[in-house]
Amino acid sequence: MENYVVSARKYRPMSFDTVVGQSSLTVTLKNAIKSDRLAHAYLFCGPRGVGKTTCARIFAKTINCLSPKDNGEACGECESCKAFDEQRSYNIHELDAASNNSVDDIRDLIEQVRIPPQIGKYKVFIIDEVHMLSAQAFNAFLKTLEEPPHHAIFILATTEKHKLLPTIISRCQIYDFSRMSVTNIVNHLKNVAEKEGITVEEAALNVIAQKADGGMRDALSIFDQVTSFCGGNITYQRTIENLNVLDYDYYFRLTDLCLEGKITECMVTLNEILSKGFDGQRLINGLASHFRNLLMSRDAQTVDFIEASEEVRNKYKEQAQKCNPQFLFRAMKLANNCDLNYKQSQNKRLLVELTLIETAQLSSDDGAYSGRGPIKILKPIFAQAKATGHAAAHNPQAASQNTSGTTVTTATVNNATPDTTQRLSNLLANNGNSDNNRRISKVTSFSLRHSQLQPAKDAAITHTEGVTKQVEIAENKAFSENDLIVAWRMFASQLPQEDVALSTQMTNIEPTVNEDFSVNVVVDNPMLLSNLSKYIPKIEMFLMKELSNSNIKIHTRISEQTERKKIFTKREQLNIMMDRSEGLRKLRDALELELN
């Protein structure tokens, strides 16, 4: 029985013209040989299985050919070429630096460099995986690499150029080998299948090429594996079954379900995929690539970026017409975020399910999307207040119910539900007014919670220009300073987005109330006073309605220098505390504490 030879060795290129996917490099080498402009050292770097060692062997064979062709190729007929083909040439020496990386191995190589070739002009030394050499071996090799004998040529091959010493790289001509495209791999596999008498489906070859990740050697190895599984007829279904690849039909099906918003069917399909043993991350990665291909299919200029068979490309084009570009963009971002969070997730299936649910809900709101991120809308918690206000405005009977002492005031702003605000104000007031620091802390806490719940831009402030409503105050009520601060900060939280700076500054202001219920507001600078002045009428109307008191009148002024609060550093704060507390000083001295 004839010995079997794997395809990667059997169909290894023997000339520059048969090298696949590296045409720019092979043309450069052929031109250098034709013009007799050969360097003494070359560095071939690139991913695994892309032809580095193969090109080095072809180069060594060609430069020693006794009768080279006009196109720069070896003749293949002379004694030197036959010796190369039969692997008995003494003009080529290969060293595996992964297992021969010591100083002694390099010294043996240097001894061989001194011996001139018996047949041909040059002795070629191919050092594979040269980055594995030790630092001492590199240093021993430097001088010979820089000034070798005229008959010696070194070809260094590596997959990790960054690990080489700069002194080594500077002595070499560098050739960067690139990954092979899916098209090049598929075409080469077709030729191999034709020579082997194997019938194949192009879709199956595309799966093999994508699995190889740009390496021809890997592609040929996978091809041999699939051939053993399928026999003489390689089909797409048998190939994905053997290689454990998820069928692209699942991606088309999931996309259709997401476009139709069928969440239940998406969950059923996901369960079917997981039950077949596929990993959730593989599904998400494949789905992200599928969305990317759909986006590329929408434009004739980018459709060639899809590495797939013609049949699959047509399916992409057909489905792409159903997809909005915004939908595809958002779906890709969701899939990408899921991929980034997959390893850290404790419940990986739930993460994938949530991603599919969000994707299935995208098609319902494409028109409101800007493309920057998911829309987050908080519904107003005081939505009922608007309805109440409008009802009062359109209810003459309610507007005419005035009692003695009633004051009719013109308001230009809507307000929160009075009973809700009053309950919160009373809650703060009932906590006690003796401790001013505790009171301010509670007011600030409420203000923060309220600002988080309140929408960023309240229609009650921004869309009521020129609109007047009759606000009835049946009886002027007394209010505490707590109530005033709460209402003041409620108004600040409702300011429009363009006045967010003023909103922050108002939050830091603590208005005070006089005996006649007028309000004093002290600001730090004239600019803040100017910005605040345009809102004073609205603030007065807002406070009148919130606090049920028509006597509110705001008086503003700029603070004196002595009134302004000094901001202490941490060390100054500590010193003040030490001065006030003898126990704290004793604790510091006993534990020998220091402020970092």
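Met-216, Asp-218, Ala-219, Leu-220, Ile-222, Phe-223, Asp-224, Val-226, Thr-227 and Cys-230 are the buried residues of helix α10. Keep in mind that this is a predicted model. From α10, we'll move on to two open sheets, one of five strands and one of three, and then stop at a cysteine in a loop, Cys-78.

**Helix α10**

- This helix covers residues 216-230, which makes 15 residues.
- At 1.5 Å a residue it should span 21 Å, and its end C-alpha atoms are indeed 21 Å apart, so the length agrees with what you'd expect.
- What sits over its buried residues? The cover includes the helices α1 (7-10), α8 (182-196), α9 (202-212) and α11 (236-243), along with the strands β6 (199-200) and β7 (233-234).
- Right after α10 comes Gly-231, with a positive phi near 80°.

**The five-strand sheet**

- Reading across this open sheet, the order is β2-β3-β4-β1-β5, and the pairing is parallel.
- At the edges you'll find β2 (92-96) and β5 (173-176), each pairing on one side only.
- From one strand to the next, the twist averages 20°.
- β2 and β3 (residues 123-128) run parallel and are joined by five bridges; Asp-96, for instance, has Asp-128 in β3 as its bridge partner.
- Helix α3 packs on this sheet, touching β1 (41-45), β2, β3 and β4 (152-158), and its direction makes about 170° with that of β4.
- Helix α5 (residues 103-113) packs on the sheet too, touching β2, β3 and β4; its direction makes about 165° with that of β3.

**The three-strand sheet**

- Here the order is β10-β11-β12, in an open sheet with mixed pairing.
- β10 (512-513) and β12 (554-558) are the edge strands with a single partner strand each, so one side of each has no neighbour in the sheet.
- β11 (residues 519-523) runs parallel to β12, and five bridges hold the pair together; along the way, Val-519 stands opposite Ile-554.
- Helix α25 (residues 526-533) packs on this sheet and touches β11 and β12, with its direction at about 135° to that of β11.

**Cys-78 in its loop**

- Where is Cys-78? Look in the loop between α3 (52-63) and α4 (79-85).
- Is Cys-78 buried or exposed? With a relative accessible area of 10%, it counts as buried because that is under the 20% cut-off.
- Leaving aside neighbours within four places in sequence, Cys-78 is in contact with Cys-65 and Leu-66.
- Leu-66 is twelve residues away along the chain, with 6.2 Å between its C-alpha atom and that of Cys-78.

Conventions: Residues numbered from 1 in each chain as written. Predicted model: local features only at pLDDT ≥ 70, side-chain atom pairs only at ≥ 80, totals over all residues. Heavy atoms only, no water. Helix = DSSP H or I, 4+ residues; strand = E, 2+ residues; numbered from the N terminus. Buried < 20%, exposed > 50% of the residue type's maximum accessible area, 1.4 Å probe, protein only. Contact = heavy atoms within 4.5 Å. Expected span 1.5 Å × (residues − 1). Pairing = 2+ DSSP bridges. Axes fitted to C-alpha atoms, helices over the stretch in contact; angles between N-to-C directions.
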